[in-house]
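Good morning, and thank you for making time for this item on the agenda. Please take a moment with the sequence and the structure before I begin.

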Amino acid sequence: MDGANGRGDRRQAKRLHRGALGQVNQLPRKNSDGELPVGLTIEKTARNLAALATSDSLRHLQAVVLGQWKHGDTFAKLAKHGIRPVDRLLFYGPPGNGKTMAAQWLAQQIGAPLYRVQCETLVTAYSGQTAANVGRVMEWLALQSRSVVLFDEVETLFQSRTRMDGNIGRDLSSAMTVFWQSLDRWEAPTLFIMATNLPEHMDAALKSRIDLQIEFGPPTDEQVASVAAYWSEVLHEYGGHEWGASLAGRKWESFRALFHAVQSCVREFVTR
Ligand SMILES: Nc1ncnc2c1ncn2[C@@H]1O[C@H](COP(=O)(O)OP(=O)(O)OP(=O)(O)O)[C@@H](O)[C@H]1O
Ligand SMILES: [Mg+2]
């Protein structure tokens with residue numbers, strides 16, 4: 001085994017370190033002051049995604065987005081014609097139905113870090129500060145190598161113009177201008193995902209520039225059954241293999257509610 005002299009391990013580490021497009025996934029580059037910009041966090045992507053129920057949303061993402069982002073040759077072929085890959089997505093739907101999860105899954109599949117921008121945090125009452133916050137986030141992101149960026153609760157920053165008024169309205173409008181100007185010059189390989197529970201509150205111009213809109217709704221009976229089957233299997237050794245039937249027989253208002261029920265059962269069985 002070449003693992004004995006470390007060659008296999010090194011090769012594997014190298015493979016893991018390289019993204020699907022062959023670029024090395026670099027550690028995030030920081031600003032000159034070494035700080036992350038206000039409102040931006042680095043998200044974990046190494047979560048347990050084995051229990052994920054396949055949904056039309058994930059299938060759609062797999063077919064359209066992963067096809068372009070996973071294979072370097074597709075990416076390069078598009079670039080040759082001056083065409084960008086599908087890189088501006090909108091995830092919408094009620095809370096707790098997998099928008100953040102799907103962003104984590106995409107980043108994991110692509111082999112890129114996931115940065116999360118909490119849009120509400122960028123909005124301040126101080127004149128000009130919101131646009132400055134957006135500018136700092138975009139400057140920081142533009143320095144990164146291949147990455148996935150989730151703009152969460154995007155409707156708080158990019159509001160429909162009919163909802164804006166007064167000074168705050170003017171500030172949001174100039175923040176939007178900063179965002180578009182920076183996106184017009186964008187060169188970094190960044191997959192932008194906007195997420196919202198309230199798509200009707202969002203700016204129409206932003207919506208019109210989105211490549212792909214994906215809805216995330218509550219789990220279907222089939223999805224509940226698949227989540228229940230996964231966890232029943234896990235609980236089999238603790239004597240809880242039939243427990244999944246009670247989960248599968250119920251309607252769930254969200255994936256989050258379903259997962260909370262799973263969590264309390266797993267805790268109960270495992271600590272018995
Ligand atoms: N496809 C799925 N299969 C199984 N569980 C899922 C799935 N999608 C989401 N979940 C579970 O639901 C939880 C909530 O999902 P998530 O945080 O992605 O929702 P969200 O749409 O981002 O919610 P919010 O709008 O509140 O931010 C996840 O932590 C996960 O446990
Ligand atoms: Mg979320």
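Let me begin with a term: helices and strands here are DSSP runs, a helix having at least four residues and a strand at least two, numbered from the N terminus. In those terms, T45 belongs to the loop between strand 1 and helix 2. I should also say at once that this is a predicted model.

First, the overall picture. The protein has 11 helices and six strands. Of its 272 residues, 44% are buried. Taking contacts between residues at least 6 apart in sequence, 78% join residues at least 24 apart.

I turn now to helix 4, which I will treat at some length. Helix 4 covers residues 99-110, 12 residues in total, and its first and last C-alpha atoms are 17 Å apart, close to the 16 Å expected at 1.5 Å a residue. Which residues of helix 4 are buried? They are K99, A102, A103, Q104, W105, L106, A107 and I110. As a reminder, an α-helix has 3.6 residues a turn, so residues three or four places apart point the same way.

What do the buried residues of helix 4 pack against? Their partners are strand 1 (40-43), helix 2 (56-69), strand 2 (88-92), strand 3 (114-118), strand 4 (147-152) and strand 5 (190-196).

Consider I110, which lies in helix 4. I110 counts as buried because its relative accessible area is 2%, and buried means under 20%. The C-alpha atoms of I110 and W69 are 6.5 Å apart, although 41 residues separate the two in sequence. After helix 4 comes G111, with a positive phi near 80°.

Let me return to T45, in the loop between strand 1 and helix 2. Is T45 buried or exposed? With a relative accessible area of 19%, T45 is buried, since the cut-off for that class is under 20%. Setting aside neighbours within four places in sequence, T45 is in contact with Q104, A107, Q108 and L114. Of these contacts, Q104 and A107 are among the buried residues of helix 4. T45 also has its C-alpha 7.0 Å from that of W105, at a separation of 60 residues in sequence.

On the other side of helix 4 in the sequence is P95, placed in the loop between strand 2 and helix 4. Beyond residues up to four places away in sequence, P95 touches N197, S254 and R256. For S254, the C-alpha to C-alpha distance from P95 is 7.5 Å, across 159 residues of sequence.

That leads to the largest pocket. It holds about 1,100 Å³ of space. How many residues line the largest pocket? There are 42, and G96, N97, G98, M101 and F255 lie nearest its centre. The elements that each give two or more residues to this lining are helix 2, helix 4, strand 5, helix 9 (221-235) and helix 11 (255-270). Divided by class, the lining has 15 nonpolar, 16 polar and 11 charged residues. Domain 1 (26-215) and domain 2 (221-270) each supply at least three residues to the lining.

Helix 11 deserves a closer look. Its 16 residues should span 22 Å at 1.5 Å a residue, and the end C-alpha atoms are indeed 22 Å apart. F255, A257, L258, A261, V262, C265, V266 and F269 are the buried residues of helix 11. Helix 9 and helix 10 are included in what covers them.

Ahead of helix 11, K251 sits in the loop that follows helix 10 (244-248). K251 counts as exposed because its relative accessibility is 67%, where exposed means over 50%. K251 and V224 are 8.3 Å apart, C-alpha to C-alpha, with their positions 27 residues apart in sequence.

I will close with two further loop residues. D203 lies between strand 5 and helix 8 (204-208), and at 2% relative accessibility D203 is buried. Apart from neighbours within four places in sequence, D203 is in contact with F158, Q159, S160, R161 and M176.

E153 lies in the loop between strand 4 and helix 7 (166-184). Most residues other than glycine have a negative phi. E153, however, has a positive phi, near 50°. E153 is partly exposed, at a relative accessible area of 29%.

Notes
Residues numbered from 1 in each chain as written. Chains lettered and ligands numbered in written order. Predicted model: local features only at pLDDT ≥ 70, side-chain atom pairs only at ≥ 80, totals over all residues. Heavy atoms only, no water. Expected span 1.5 Å × (residues − 1). Buried < 20%, exposed > 50% of the residue type's maximum accessible area, 1.4 Å probe, protein only. Contact = heavy atoms within 4.5 Å. 1 Å grid on protein atoms, 1.4 Å probe; cavity = no way out; pocket = protein on both sides within 12 Å on 5 of 7 lines; lining within 4 Å. Points joined across faces, edges and corners; volume = space filled by probe spheres on them. Nonpolar A, V, L, I, M, F, W, Y, C, P; charged D, E, K, R; others polar. Domains from an automatic or database assignment.
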